[in-house]
Amino acid sequence: MPNSDELRSAPLSAPIELPSGRPARIVVADDDRLARQMLVSILQKAGFQVEAVDDGQEAIELIGRGGVDLVLLDIVMPRLTGLEACRLLKSMTSESFLPVVLVTVKSDTANRVEGLKIGADDYVCKPFEEEELLARVGAMLRIKRLHDQVAAQRAYLEQLSIHDEMTGLYNYRYLFTRLNEEFKRAERYHEPFACVLVDIDRLKVMNETGGRTLGDAVIRRVADGIRRSVREVDVVARYGGEEFLIVLPSTHFAGSLTVAERIWREAAGNPVEFGGEARPCSVSIGVALYPSRDVRSKDGLIRAAESALNQAKREGGNRICV
Ligand code: GH3
Ligand code: MG
Ligand code: MG
Ligand code: MG
């Protein structure tokens, strides 16, 4: 076991880095100038990026601007105490994990206990030992890194669960969640909304002549064209193999026809290169509006879009029907 002097003279390990590769950013809040300077100097020497303030209020403001990985809070400070600041920070950052370490005088048992109860993650006693301070900060950052990794994985899985892998559009499941929400909204605010159903023409023939590779390329090409044709608030989903359904919130008849025409034009204007040839692709589109004469329900809306699409196919495809 190295003794304390050996530890002190041992070279400091590399600064704890976050998954992004940048050094951790630490905020120090202490109204005592000497204590503050000492904390800053120890942490900077260890490779951390440090910002120091002299009360809890300033710490909250600084942290509110984002990008902070750990906070060291003195308990007794003017304006906002460390305990009050800790309580606020924990309510501000309930989604993410921002480690809060209290820095308190040794005799402050009651404060330390209260601090931990209101959400502080650890404490360091004043006067502090440099190696203990760094060890505690390092341990907290290790937990934060794990937490951030889990949060990033969860966000990735959430995205995966609502998207179609091949086109990057929303999937069928998510489409119906949004369709339900749109119905409730349309009813509450008495605003119409539209559904546009797109089907690629004669994809089977493309698959037969160019194989699935050509078919897949056409599907992706049409998906990109649809993405380019809609607004940010519109929901575009892959509805079936070569069918797409677009929900257009707060959209009247004229608006939905404009979008349908844009989609139709995008498909026709972007042939897929195959075997040194440009293969034209076209789509058929059915448009339906809620509320309208025959459309009083969600199922009715989908049925109306499907029947408009069928009519477009019956009339030879490569067209828009309402
Ligand atoms: P229509 O003009 O009547 O729409 O003719 P179609 O051949 O496009 O239509 P149909 O609905 O009869 O068949 C859809 C075809 O789309 C059949 C299927 O092999 C193809 N398809 C569905 N999903 C995919 C996919 O993910 N990749 C590829 N390459 N083809 C797909
Ligand atoms: Mg103080
Ligand atoms: Mg089809
Ligand atoms: Mg088709």
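User: What makes the crossing of α3 and α4 right-handed or left-handed?

Analyst: In this predicted model the crossing of α3 and α4 is right-handed, because the near helix is turned clockwise from the far one by less than a right angle, where an anticlockwise turn would make a crossing left-handed. As to conventions, residues are numbered from 1 along each chain as its sequence is written, while chains are lettered from A and ligands numbered from 1 in the order in which they are written. Local features need pLDDT of at least 70 and side-chain atom pairs count only at pLDDT 80 or more, whereas totals for chains, interfaces and linings use all residues.

User: At what angle do the axes of α3 and α4 cross, and what is their relation called?

Analyst: Helix α3 (residues 56-64) and helix α4 (residues 82-92) have axes that come within 9 Å and cross at roughly 20°, with axes being lines fitted to C-alpha atoms, for helices over the stretch in contact, and angles running from 0 to 180 degrees between N-to-C directions. Therefore α3 is roughly parallel to α4, a term that applies to angles under 35 degrees.

User: Which residues of α3 and α4 meet, and how do they divide by class?

Analyst: Gly56, Ala59, Ile60 and Ile63 of α3 meet Gly82, Glu84, Ala85, Leu88 and Leu89 of α4, contact being a pair of C-beta atoms, placed from the backbone, within 7 Å. The residues of this contact comprise six nonpolar, two polar and one charged; Ala, Val, Leu, Ile, Met, Phe, Trp, Tyr, Cys and Pro count as nonpolar, Asp, Glu, Lys and Arg as charged, and the others, Gly among them, as polar.

User: How do you know that β3 and β4 are joined, and how many bridges are there?

Analyst: Strand β3 (residues 70-74) and strand β4 (residues 100-105) run parallel and are joined by four bridges; pairing requires that DSSP find at least two bridges, so these strands pair. Within β4, Val101 is the bridge partner of Leu72. Helix α5 (residues 109-117) packs on the sheet, where it touches β4 and β5, and its direction makes about 170° with that of β4. Helix α6 (residues 130-162) also packs on the sheet, touching β3, β4 and β5, with its direction at about 170° to that of β5.

User: In the open sheet with parallel pairing, what is the order of the strands, and what makes a strand an edge strand?

Analyst: The order of its five strands is β2-β1-β3-β4-β5, and β2 (49-53) and β5 (122-126) are the edge strands, each pairing on one side only. From one strand to the next, the twist averages 20°.

User: Which are the edge strands of the open sheet with mixed pairing?

Analyst: This sheet has five strands in the order β7-β8-β6-β11-β12, and its edge strands are β7 (235-238) and β12 (320-321). Between β7 and strand β8 (residues 243-248) the pairing is antiparallel, over four bridges, and Val236 stands opposite Ile246 in β8.

User: What makes a residue part of the shell around ligand 1, and how many residues surround the ligand?

Analyst: Ligand 1 is surrounded by 15 residues, the closest being Asp201, Leu203, Lys204, Gly215 and Gly241, where being near demands a C-beta atom, placed from the backbone, within 6 Å. Two or more residues come from each of β6 (193-200) and α8 (203-229), with α8 giving the most, seven; such elements are DSSP runs numbered from the N terminus, helices being H or I of at least four residues and strands E of at least two. By class, the shell holds three nonpolar, four polar and eight charged residues.

Terms used
Contact = placed C-beta atoms within 7 Å. Parallel < 35°, antiparallel > 145°, perpendicular 65-115°, else oblique.
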